Amino acid sequence: MPKITIHRDGEAHQGDIAADSNLVVLAGIRKFPYPHLSYMCGMGKCGTCKSRIVAGAEQLPEPNWREKKTLGDEALAEGYRLVCQLRIFEDFEIEQEGPVRGPRKRMP
Ligand code: FES
């Protein structure tokens with residue numbers, strides 16, 4: 001069971017997830033890493049889930065075309081990824097900057 005650590009503003013938030021999970025999908029159904037993960041579109045377009053990979057990068061595939069387009073070469077070279085594009089199999093540690101941002105609540 002992969003252990004996930006999210007660093008933000010000097011705090012570390014930890015939780016376990018099932019292997020082969022996507023962090024944005026989990027947050028979308030209000031499971032950890034909710035409410036500690038910033039994300040919006042879940043489709044690699046908005047860049048809100050941009051994260052610096054602190055540990056666990058070796059399990060990740062090469063960046064896909066969405067990550068290349070949204071992040072650009074410089075951010076990728078600095079170790080940033082779009083976590084909405086990733087499935088996690090092993091322990092994983094990321095850092096996000098700024099306040100947590102998420103999709104707006106739907107009005108009834
Ligand atoms: S949530 Fe929009 S790019 Fe990942």
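**A friendly note on the core and strand β5**

1. Let's start in the middle. In this predicted model, the largest nonpolar core holds 17 residues, and those with the most contacts inside it are Leu23, Val24, Tyr39, Cys49, Val83 and Cys84. At least two core residues come from each of β1 (3-8), α1 (23-28), β4 (80-82) and β5 (92-95). The largest share, three residues, is supplied by α1. As background, nonpolar side chains in soluble globular proteins tend to be buried together.

2. Val24 is a good residue to click on next. Setting aside residues up to four places away in sequence, Val24 touches Tyr39, Gly42, Cys49, Val83 and Cys84.

3. Now follow strand β5. Phe92 and Ile94 make up its covered face, while Glu93 and Glu95 make up the uncovered one.

4. Which strands does β5 pair with? With β1, the pairing is parallel and has four bridges; here Ile94 of β5 is the bridge partner of Ile6. With β3 (residues 50-55), β5 runs antiparallel, and three bridges join the two. Glu93 of β5 is the bridge partner of Ala55.

5. Finally, have a look at Arg81, which lies in strand β4. Is Arg81 buried or exposed? Arg81 counts as buried because it has 20 C-beta neighbours inside 10 Å, and 20 or more is the cut-off for that label. Apart from neighbours within four places in sequence, Arg81 is in contact with Ser51, Ile53, Leu60, Pro63, Glu67 and Leu86. Thr70 sits 11 residues from Arg81 along the chain, and their C-alpha atoms are 9.7 Å apart.

Technical notes
Residues numbered from 1 in each chain as written. Predicted model: local features only at pLDDT ≥ 70, side-chain atom pairs only at ≥ 80, totals over all residues. Core = buried A, V, L, I, M, F, W, Y, C linked by C-beta atoms within 7 Å. Buried ≥ 20, exposed ≤ 12 C-beta atoms within 10 Å, placed from the backbone. Contact = placed C-beta atoms within 7 Å. Pairing = 2+ DSSP bridges.
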